[in-house]
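Biologist: Please take a close look at the strand pairing in this model. Then set it in the context of the rest of the chain.

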Amino acid sequence: MKAATRTSYGPPAVLTIKEVAIPPLKDHEILIKVHAATVNRTDCSVLWGKPFIIRFFTGLLKPSLPITGSDFAGKVENIGKNVSSFKKGDRVFGFNDTGLCSHAQYLVLSDKEAILKIPDKVGYPQAAASCEGAHYAYNVISKVGFEYVGKKVLVNGATGAIGSASLQLLKYYGAYVTAVCSTKHLALMKSLGADKVIDYTQKDFTLDDQRYDLVFDSVGKSFFRKCKPLLKPGGVYISSELGPYSQNPFLALLTPLISGKHGKKVKFPIPFNIRRSLTLIKTLLEKKKFKPLIHKEYPLEKIGDAYDFVVTGEKIGNIIITMQP
Ligand SMILES: NC(=O)c1ccc[n+]([C@@H]2O[C@H](COP(=O)([O-])OP(=O)(O)OC[C@H]3O[C@@H](n4cnc5c(N)ncnc54)[C@H](OP(=O)(O)O)[C@@H]3O)[C@@H](O)[C@H]2O)c1
């Protein structure tokens with residue numbers, strides 16, 4: 001099979017597309033023909049080995065997995081003799097934030113991985129685009145609880161993979177959502193359900209006169225002190241990034257201690273339980289309540305270009321890699 005391989009951390013130049021053997025199938029494993037995967041921000045961290053902390057999960061000095069890719073959508077080609085939850089021909093999708101070797105034409109995975117069946121009428125690219133951003137979005141939203149009816153939330157960067165999933169999940173749970181994006185995506189944000197849209201090229205969103213229960217900076221462009229005036233008493237600030245001085249994890253420990261019951265707090269979710277996130281997303285795909293955004297598709301051979309584009313920070317939703325036969 002063809003696969004995107006590497007032996008060291010670094011920029012996309014470390015990747016080589018080459019023919020490698022399909023791994024042998026063990027009794028509890030599934031062989032999947034990959035139809036689509038994404039290149040996402042998690043893949044960028046795993047490719048570069050940055051921030052350094054990720055290397056405790058992906059290999060300290062060099063990557064432990066030889067093939068990149070953390071999500072996939074494809075078809076079950078074969079199953080090990082102890083596998084009962086899947087059969088040949090099932091359309092499946094899945095994600096693992098430390099890597100799955102899915103930038104390849106075939107994939108062998110344990111049946112214990114977060115693998116779910118793709119709902120009917122959902123295409124492979126759409127299924128692959130429903131994993132990474134949606135998982136992080138779910139973890140952010142659940143960090144504050146699920147009682148969003150009557151609550152107001154601002155999502156900065158609502159066009160990203162995490163932002164666009166957050167907007168839709170928050171609407172599903174009943175929140176009033178203000179989406180912050182650039183001029184050309186105002187209509188897109190409305191079409192995904194945003195109640196109010198702020199064009200960040202025209203107005204500093206931190207000067208908005210609305211007060212919010214949750215401000216989620218899904219692209220990490222702001223910081224707590226600047227967003228604090230936007231929060232209601234007891235309001236929560238969450239960012240997808242550590243912050244300019246890596247302060248967000250510390251503020252998440254400090255603000256609950258010093259701000260009191262009705263004080264404004266920082267939370268810093270550590271994403272976990274991928275199966276739980278994907279199960280919700282699968283249900284929402286079935287109900288047509290979730291629409292993954294896809295910006296562009298690249299063939300596997302052009303995966304370096306896909307990485308280069310993702311790190312520009314200009315992608316709208318997700319970037320798909322397609323595997324040709
Ligand atoms: N370290 C990790 O493992 C990891 C994993 C996942 C995500 N993350 C972080 O999570 C963040 C989001 O990732 P993502 O994949 O959802 O999205 P992304 O690729 O970072 O999204 C970029 C989006 O942000 C918008 N944008 C750019 N500048 C903006 C600004 N100043 N204000 C508001 N929007 C802006 C862009 O649209 P316009 O250009 O049209 O505004 C684009 O749609 C990233 O910062 C990423 O590093 C980190």
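Modeller: Two strands pair here if DSSP finds at least two bridges between them. The model is predicted, and every pairing below is read from it. Take β4 (residues 71-79) to begin with, a strand that pairs with both β3 and β5. Five bridges join β4 to strand β5 (residues 91-95), and the two run antiparallel. In that pairing, Ala73 stands opposite Phe93 in β5. β4 also runs antiparallel to strand β3 (residues 29-38), to which six bridges join it. There the facing residues include Ile32, which stands opposite Val76 in β4. Strands of a sheet can pair in either sense, parallel or antiparallel, through backbone hydrogen bonds.

The parallel sense is found in an open sheet of six strands, whose order is β10-β9-β8-β11-β12-β13. Its edge strands are β10 (196-199) and β13 (265-266), each of which pairs on one side only. Within the sheet, strand β8 (residues 152-156) is paired with strand β11 (residues 212-217) in the parallel sense, over four bridges. Val153 is found opposite Leu214 in β11. Four bridges also hold the parallel pairing of β9 and β10, where Cys181 stands opposite Asp199 in β10. To get from β9 to β10 the chain passes through helix α6 (residues 186-191), a β-α-β crossover that is right-handed.

As for the rest of the chain, there are 10 helices and 15 strands. With 325 residues, a compact globule would have a radius of gyration near 20 Å, and the value of 20 Å for the protein chain therefore agrees. The C-alpha trace spans about 60 × 45 × 40 Å along its principal axes.

The protein chain is divided into two domains: domain 1 takes in 2-130 + 292-322, and domain 2 takes in 136-266. Their centres, taken over C-alpha atoms, are 29 Å apart. Contact between the domains involves five residues of domain 1 and four residues of domain 2. On the side of domain 1 that touches domain 2, the residues comprise two nonpolar, three polar and no charged.

The ligand belongs in the same account. Both domain 1 and domain 2 give residues to the shell around the ligand, so the ligand lies between them. That shell has 28 residues, of which Arg41, Thr159, Gly160, Ile162 and Ser240 come nearest. Two or more shell residues come from each of the elements α1 (41-48), α4 (132-143), α5 (161-172) and β9 (176-181). β9 is thus a strand of the six-stranded sheet and also a contributor to the shell. By class, the shell is made up of eight nonpolar, 15 polar and five charged residues.

Two backbone details remain, and both are in loops. One is a cis peptide bond, which joins Lys50 and Pro51 with omega at about -5°. Pro51 lies in the loop that runs between α1 and α2 (55-58), and α1 is also among the elements of the ligand shell. The other is Ser246, which has a positive phi of about 55° although it is not a glycine. Ser246 is in the loop between β12 (231-239) and α8 (248-258). β12 is itself part of the open sheet, where it comes between β11 and β13 in the order.

Key. Residues are numbered from 1 along each chain as its sequence is written. This is a predicted model: local features need pLDDT of at least 70, side-chain atom pairs count only at pLDDT 80 or more; totals for chains, interfaces and linings use all residues. Domain bounds come from an automatic or database domain assignment. Two residues are in contact if their C-beta atoms, placed from the backbone, lie within 7 Å. Ala, Val, Leu, Ile, Met, Phe, Trp, Tyr, Cys and Pro count as nonpolar, Asp, Glu, Lys and Arg as charged, and the others, Gly among them, as polar. A residue is near a molecule or strand if its C-beta atom, placed from the backbone, lies within 6 Å of it. A crossover is right-handed if, with the strands pointing away from the viewer, the path from the first strand over the helix to the second runs clockwise. The radius of gyration is taken over C-alpha atoms; the globule rule is 2.2 Å times the number of residues to the power 0.38.
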